[in-house]
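Hi,

Here is the structure I promised to pass on. Have a look at it first, and then read on for what I found.

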Amino acid sequence: MKFENTKIAYSLKTDRELYKSYILFKIFSKNFLVYFGSKLALFIIKVGLPFNFLFRHTVFFQFCAGDNEKDSLKRVDSLSKLNVSSYMHFAAEGQKNEDGMDRSLERVLETLKISKLNESLPFAVFKASAFGPVGLFEKKTKGNKLNKGELAVWNRVIRRINTCCEFAKNENIRLLIDAEESWLQDAIDEIVLELIRKYNNGKEPLIFNTVQMYRKDRFSYLKNLINTAKRENFQVGIKLVRGAYIEKENAKALKTGYPSPICDSKGETDQNFNSGLYLILSNLNCCELFLGSHSEESTLRVIDWMKEKKLSANHSRIWFSQLYGMADHISFNLASAGYQVIKYVPYGPIKEVIPYLIRRAEENASIKGQTPRELSLIRKELKRRKNLRFTE
Ligand SMILES: Cc1cc2nc3c(=O)[nH]c(=O)nc-3n(C[C@H](O)[C@H](O)[C@H](O)COP(=O)(O)OP(=O)(O)OC[C@H]3O[C@@H](n4cnc5c(N)ncnc54)[C@H](O)[C@@H]3O)c2cc1C
């Protein structure tokens, strides 16, 4: 399995779109441009300057499917024609009052309803902290008792999450729950364990938790979860990722004076990730793997394992997932070889998804090797198309 076939990788992009992606990734390769660009974008939004057009035709359409569900479904359909499934997410962030949290719930329910009507949307997703104040997740994670007022707020958080799960169960759409910062995660894990007990006792898992293997303690968390599943006879769905908040995690640990929960090096994270990966793969009777990674090495590791065990490419318990607008060479080449591939497809009004777009830009600027790889593949495809025109 190689990911070099750029004709397949970029078959959804016109020449113009491909040039635009090239320029964008070129910008992402310069850290200082991303730093100043992010600050400028936030300023422009804050003072209301009319730069929507510029954002829309650059970074927005690279990483987002559209402003609303209807627009996004067009992208979902294009992906499905290439055998790539999707899961949609309203990517607006930072609505922290009760109304905002209720709106977040409505959005998840809306995507669940849409997913029910479309075969290429087998999963939906939510972030637990979109349904409650971060301070309460933090307090619960610390093991502190909530006062009467806080308890009432927390009960509403749990109610929102239960509403999502009940809805997902009735519509038969599987639910992924994102992993967040370590100071919120224990509270999330506690909720998820109860959900898993309640909803994952059929043949297939309905609820998937996310496990960030850049955390030193996650292998033992995973092992305990799988042992509990075997003991209590439920299924576990795991979205396995490396983890997105490394700078924030290390900075907070340093500032507060506790040892960082993050592995000491990329090599250690990779080792931890591989151990988690093999643990899940060797327990596919009670686990389902949802690999959330843009790493070719990790993807090939799973493929090699599947080949060794003589599993079919479309094995129902193994999913490969990438973000919309990133690592298309992995997604489309895998899908054309018959593997189960699913893209995370975010959408939302441009002003509200700017924080998500900035995170993507920063991620592309900071993860070693990812942007040069994207650039070299786009260059290869542009050259291939040019040669083709020349020979025609
Ligand atoms: C479909 C999908 C869903 C995702 N969902 C979530 C989610 O719910 N929660 C979440 O936190 N993230 C999520 N992510 C992001 C993910 O955690 C990674 O940040 C991102 O995918 C990059 O990791 P990689 O495996 O793709 O690539 P790689 O390039 O192999 O790995 C980069 C990652 O390695 C780790 N790393 C880098 N340098 C060091 C170092 N010096 N020391 C220790 N570790 C290091 C970091 O985690 C970094 O992000 C998701 C990603 C995808 C594709």
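Let me start with the interior. In this predicted model, the largest nonpolar core has 97 residues, and Y87, L175 and L240 are those with the most contacts inside it. Helix α9, residues 182-199, gives the most to this core, contributing seven residues. If you want a place to begin looking, try L175: setting aside residues up to four places away in sequence, L175 touches A124, C164, C165, A168, L206, I207 and F208.

Next, the ligand. It is surrounded by 27 residues, and the closest are D178, V241, R242, A244 and G292. By type, the residues of this shell divide into 13 polar, 11 nonpolar and three charged. Three elements each supply at least two residues of the shell: β4 (207-212), α12 (266-281) and β7 (318-323). Of the shell, β7 provides the largest share, with three residues.

Finally, a residue that you may like to check on screen. T58 sits in helix α4, which spans residues 52-63. Is T58 buried, exposed or partly exposed? T58 has 16 other C-beta atoms within 10 Å, so T58 is partly exposed; a buried residue would need 20 or more, and an exposed one 12 or fewer. Apart from neighbours within four places in sequence, T58 is in contact with K20 and L24. As for P259, 201 residues from T58 along the chain, the C-alpha atoms of the two are separated by 40 Å.

Happy browsing, and do write back with any questions.

Best wishes

How values were computed: Residues are numbered from 1 along each chain as its sequence is written. This is a predicted model: local features need pLDDT of at least 70, side-chain atom pairs count only at pLDDT 80 or more; totals for chains, interfaces and linings use all residues. A residue is near a molecule or strand if its C-beta atom, placed from the backbone, lies within 6 Å of it. Helices (H or I, at least four residues) and strands (E, at least two) are DSSP runs, numbered from the N terminus. Ala, Val, Leu, Ile, Met, Phe, Trp, Tyr, Cys and Pro count as nonpolar, Asp, Glu, Lys and Arg as charged, and the others, Gly among them, as polar. Two residues are in contact if their C-beta atoms, placed from the backbone, lie within 7 Å. A nonpolar core is a set of buried Ala, Val, Leu, Ile, Met, Phe, Trp, Tyr and Cys residues joined through C-beta atoms within 7 Å.
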